[in-house]
2 protein chains.
Amino acid sequence: MNTDTLYTHICSYVQISRDEFELFFNLFKTVHLKKGDFHYIAGKVPKYWSFTVKGCLREYWIDTEGNEKIFQFYEENAWVGQIQSMVTQKPTDMNLQALEDCELLCITGDDMCNAVKTPWIQNFTMHKSFSDNASIMENSNRIKSASPEELYLEILKERPSLLLRVPQHYIANFLGIRKETLSRVRRRVAHL
Amino acid sequence: MNTDTLYTHICSYVQISRDEFELFFNLFKTVHLKKGDFHYIAGKVPKYWSFTVKGCLREYWIDTEGNEKIFQFYEENAWVGQIQSMVTQKPTDMNLQALEDCELLCITGDDMCNAVKTPWIQNFTMHKSFSDNASIMENSNRIKSASPEELYLEILKERPSLLLRVPQHYIANFLGIRKETLSRVRRRVAHL
DNA sequence: ATGATTTGTTGATCCAAGTCAACGACATTC
DNA sequence: GAATGTCGTTGACTTGGATCAACAAATCAT
């Protein structure tokens, strides 16, 4: 596995030397998931905080009526994990499932809790958390205000790769619309 | 102003002594807002990160069609501010407006950036950011899945005080429904 | 290959919420 | 206290997306 990707990724948040990075990197282990496997499930505290090296995953929860609701998709170079749950030791209500065979770099909750004592790691974590925050907010806003067609055009523009690798009914679920509706929206959009 | 509230609030995230707190507290200044005043507006970088001592505020953005969309209400003991915007110096797209006369404790972006060099403050900020994250996620999930009636019952249960101090059409806006719909939902719920 | 399962499309119908409009109850201002 | 503005309610009508159902196409398992 090429460590450059993760190093570059972290450097986009904080300036660190290769040596500092290596110390942190040594805490990670590689985990392989088969398509359909779960990395964590609702009702438990996730073991790891993980960086997606290869593959695609969906994170979803089950609503009060028992329906799956997809919260997010993750592709290469995305971090996955329920930090809040790991820190507080309260079970998460999210499930993370591989949509393809995946390769993840994983660090345990305990190791991470120790690692954040290192100033640059705490700094990285904090800044990453700020930016996650901002993007969840944006996403939440978008979904609140947009029509199905706007949502589809948005995802088509922002995350075109998703549409190529994720089954359409999952996309529809993520956008909060029915698969039939997405199908019709796609037809309409294609005819423009 | 009684400093106990803020001290207690911070202690719910990190254990610190009164003296450590006082050092941090000295960086804050009190700001009074009149009903209708803006604390920050879209297109600029907010000056402050602020703790609500007294009053109620709404945070909203303007969507592509020019409609106000309320993202959140803040009451006593809530933190308000666009940290990500202050850290990156990119303008926010949120507006924060006082719905009543308000009293806020404010710290400037610069002072905050310095303050996070203090370990406990960085730690506090990080943990707070984690928990914000979790609650934004939860809120986003709820709105994505619930019917108007469920949304209303939820807010009635979780934040009853809001319904007493915030005009109903703002509540409707926040829930992503029309004021007429909220009015009908309320009547229906009341008749049960 | 063959049958089973998953995935995506299309049509018909229904309904919850949006839209438009009118009105009454208050508050605020001059 | 008349005038103006804000706020909430109600009614009539419209509509976008959900729902139900059938089917076609692609994928998977054995």
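So, salt bridges between chain A and chain B: across that interface, the rule finds zero. Keep in mind that this is a predicted model. What the rule does find across the A–B interface is nine residue pairs in polar contact, both partners at pLDDT 80 or more.

Okay, so where on chain A does that contact come from? Four elements each supply at least two residues of the side that touches chain B: β5 (68-74), α3 (83-88), α5 (119-145) and α8 (168-175). The largest share is from α5(A), with 19 residues. If you sort the side of chain A that touches chain B by class, you get 15 nonpolar, 13 polar and six charged residues.

Let me put some totals on that. Chain A brings 34 residues to the contact and chain B brings 35 residues. The buried area between the two is about 3,000 Å², and 63% of that is from carbon and sulfur atoms. Which three residues supply more of chain A's buried area than any other three? They are Phe130(A), Met137(A) and Lys144(A), and together they account for 22% of the area that chain A buries against chain B.

Now, the symmetry. Turn chain A by 180°, with a shift of 0.0 Å along the axis, and it lays on chain B with an RMSD of 0.0 Å. That is the relation of a two-fold axis. And the same surface serves both copies, since 100% of the contact residues of chain A recur in chain B.

Right, on to the DNA. I'll take strand C to begin with. There are 14 residues around DNA strand C, and the ones that come nearest are Gln168(A), Ser183(A), Pro148(B), Arg178(B) and Thr181(B). Which parts of the strand are in reach of the protein? Of the atoms of strand C within 4 Å of the protein, 68% belong to sugar or phosphate, and the rest belong to bases.

Some individual distances for strand C, starting with the phosphates. Arg178(B) has a polar side-chain atom 2.9 Å from a phosphate oxygen. Arg187(A) also has a polar side-chain atom by a phosphate oxygen of strand C, at 3.3 Å. With Arg184(B) we get to a base: a polar side-chain atom of that residue lies 3.1 Å from a base oxygen of strand C.

In terms of elements, α8 and α9 (179-190) of chain A, together with α9 (179-190) of chain B, are the ones that give two or more residues to the surface near strand C. The most comes from α9(A), with four residues. By class, the surface near strand C has three nonpolar, five polar and six charged residues.

So what about strand D? Again there are 14 residues around it, and here Pro148(A), Arg178(A), Thr181(A), Gln168(B) and Ser183(B) come nearest. The sugar or phosphate part makes up 68% of the strand D atoms within 4 Å of the protein, with bases making up the rest.

For distances on strand D, I have three from chain A. Thr181(A) has a side-chain N or O atom 2.4 Å from a phosphate oxygen. Arg178(A) has a side-chain N or O atom 2.9 Å from a phosphate oxygen of strand D. And Glu180(A) goes to a base, with a side-chain N or O atom 3.2 Å from a base nitrogen of strand D.

The elements that each supply at least two residues near strand D are α9 of chain A, plus α8 (168-175) and α9 of chain B. On this strand, α9(B) gives the most, with four residues. The class split for the surface near strand D is three nonpolar, five polar and six charged residues.

Last bit, and back to salt bridges. How many does a search of the whole structure find? Over all chains, 30. One of them to look up on the model is Arg18(A) with Asp4(A), where the side chains meet at 2.9 Å, N to O. Arg18(A) sits in helix α2 (residues 18-25) and Asp4(A) in helix α1 (residues 4-11), so this pair ties together parts of chain A that are 14 residues apart in sequence.

How values were computed:
Residues are numbered from 1 along each chain as its sequence is written. Chains are lettered from A and ligands numbered from 1 in the order in which they are written. This is a predicted model: local features need pLDDT of at least 70, side-chain atom pairs count only at pLDDT 80 or more; totals for chains, interfaces and linings use all residues. Side-chain values use heavy atoms; hydrogens and water are left out. Contact means heavy atoms within 4.5 Å. Buried area is the accessible area (1.4 Å probe) that two parts lose on being put together, summed over both. A salt bridge is a side-chain nitrogen of Lys or Arg within 4 Å of a carboxyl oxygen of Asp or Glu. A polar contact is a pair of N or O atoms within 3.5 Å; within protein, one must be able to donate a hydrogen and the other to accept it, and residues adjacent in sequence count only if both atoms are side-chain atoms. Ala, Val, Leu, Ile, Met, Phe, Trp, Tyr, Cys and Pro count as nonpolar, Asp, Glu, Lys and Arg as charged, and the others, Gly among them, as polar. A residue is near a molecule or strand if one of its heavy atoms lies within 4 Å of it. Copies are superposed by least squares on the C-alpha atoms of residues with pLDDT of at least 70 in both.
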